[in-house]
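Please open the model in your viewer and keep the sequence panel at hand. The tour below proceeds by selections, each followed by what is to be found there.

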Amino acid sequence: MLLVLCVDLDDDLGRKTGFSTPVIGREPVEEAAVALATADPEDSDVNVIFQGLHIYDDLDERDESVEVAVVTGNDEGDVKANREVGDEVDTVLASLSTAEDVTTLVVTDGAQDESVIPIIRSRVPIDGVRRVVVRQAQNLESMYYTIKQVLDDPETRGTVLIPLGILLLIYPLALLGSALEMPGLVLGTTSALLGLYLISRGLGLGERLDAAVERARRSLYAGRTTLLAYVVAAALFTLGGMNGLNTLERVQRETTGRVSAPVMVAALVYGSIQWLAAAGITTSLGQITDEYIAGTFEWRYLNAPFYVLSIAIVLHAVSAFFLGIVTITYLATALTAGTLLGIGSTLLFAVAESKFADSNAGSERGTETGAGSRSDSDLGPGPGPEPSSNANAHLNARSATNTESEAEAESEERHATDNPP
């Protein structure tokens, strides 16, 4: 007979399930395995016991004489645990009722449990030792699923794999640059790409760019004029910058010696302010148009283009004064005109907004009054007027006539009673 002996040296089965050991027989061993798996699914001794059951079923199907049992030690140390296992092996052997020679197949989960093999061999011949190795190791499994999760997550994939790919491209690009005799350009470009990517990720520029693209797409399909105004404003802004640089170059050519910083700034502003003002007015008008179409327009929104124009007048005059193009009288006039333009527009549209709000409130009150009158007429005619004085006199006369008739009738009746025929 072959004895399939499952070894649990530290007595996880007894401590976690309360089973008394040794456990002998197919059904009791299966119950013990299920109980231990329920109590602690991560215990490796669960796999040892189920492996023993698997071996038992396989040999039993071949009509071989086989038995399965579970022996345990204790958690008090190797010496006491080995002695405990030896005693339980003796108990198992004594319980076997067979005239055949008994050999055993030891099933363990590692080198620690295999330290008891000499104890078992001293009591019964050993045909073999089966070590149960679980297919997934915790560290390897964790690493595998971590890598898999990184590759499946678009956010993490973009964060980790893109810079790693750029770094891996450095060597082949360096070889390519050497072949083209441009190694510095290739390495510089690669480093610049990596640096720009890391900066964009750190500042969240990717999310902002995605949000801007999405807003532009919605504006395009919604027919918003702001998108067109921004495009035109960008072109005007670019032209203004170029014109400012041209003005600065002209001033530097015409000036002998070193040009001071205020004059340089004034040249840039003087050459670009007209274009920048046009860009600001374009964007403000586009925004006002969208607000009007959306039904959220307010009069004070019209201040924006006038504010832009006021600022442009002031900056143009100041920059021209620094360049010596205009006199101080022109500067004072421009400053006054710009200030009055801004204040006047603010006051004008504030009054217009107030008047418009009052007219709306009056029309709403009129609508409510008309609705109330209609409601009263819908209730039907009320009680009639009080009867007039003529009507009252007529009623009183009729009442007096009736009273006299009744009195005459009573008098005739008494007379007939006093003078019978």
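In which helix do Asp12 and Arg15 both lie, and how many residues apart are they? In this predicted model, select helix 1 (residues 12-17), which holds both of them, 3 residues apart, or about one turn of the helix. Show their side chains, and you will find a salt bridge between Asp12 and Arg15, with N to O at 2.4 Å. Asp12 counts as buried because its relative accessibility is 7%, whereas Arg15, at 44%, counts as partly exposed.

Next, stay in helix 1 and select Lys16 together with Asp43, whose closest N and O atoms are 2.8 Å apart in a salt bridge. Asp43 belongs to the loop between helix 2 and helix 3, so this pair ties together parts of the chain that are 27 residues apart in sequence. Add Asp40, which also meets Lys16 in a salt bridge, at 2.6 Å from N to O; this pair, too, links distant parts of the chain, 24 residues apart. A search of the whole structure finds 10 salt bridges.

Now move to the loop between helix 3 (44-61) and strand 3 (66-72), and select Asp63, which counts as exposed at 72% relative accessibility. Adding Asp60, Glu61 and Glu64 to the selection shows a surface patch of negative charge in which these residues gather with Asp63.

Finally, select helix 13 (residues 303-322), whose end C-alpha atoms are 29 Å apart, in agreement with the 28 Å that its 20 residues should span. Among its buried residues are Asn303, Pro305 and Ser310, and the helix is followed by Gly324, whose phi is positive, near 80 degrees.

Key:
Residues numbered from 1 in each chain as written. Predicted model: local features only at pLDDT ≥ 70, side-chain atom pairs only at ≥ 80, totals over all residues. Heavy atoms only, no water. Patch = residues over 30% accessible without salt bridge, like charges linked within 9 Å, V, L, I, M, F, W, Y side chains within 5 Å. Areas by Shrake-Rupley, 256 points an atom, 1.4 Å probe, with all protein chains shown as cover. Salt bridge = Lys/Arg side-chain N within 4 Å of Asp/Glu carboxyl O. Lys, Arg positive; Asp, Glu negative; His and termini not counted. Charge placed at Lys NZ, Arg CZ, Asp CG, Glu CD. Helix = DSSP H or I, 4+ residues; strand = E, 2+ residues; numbered from the N terminus. Buried < 20%, exposed > 50% of the residue type's maximum accessible area, 1.4 Å probe, protein only. Expected span 1.5 Å × (residues − 1).
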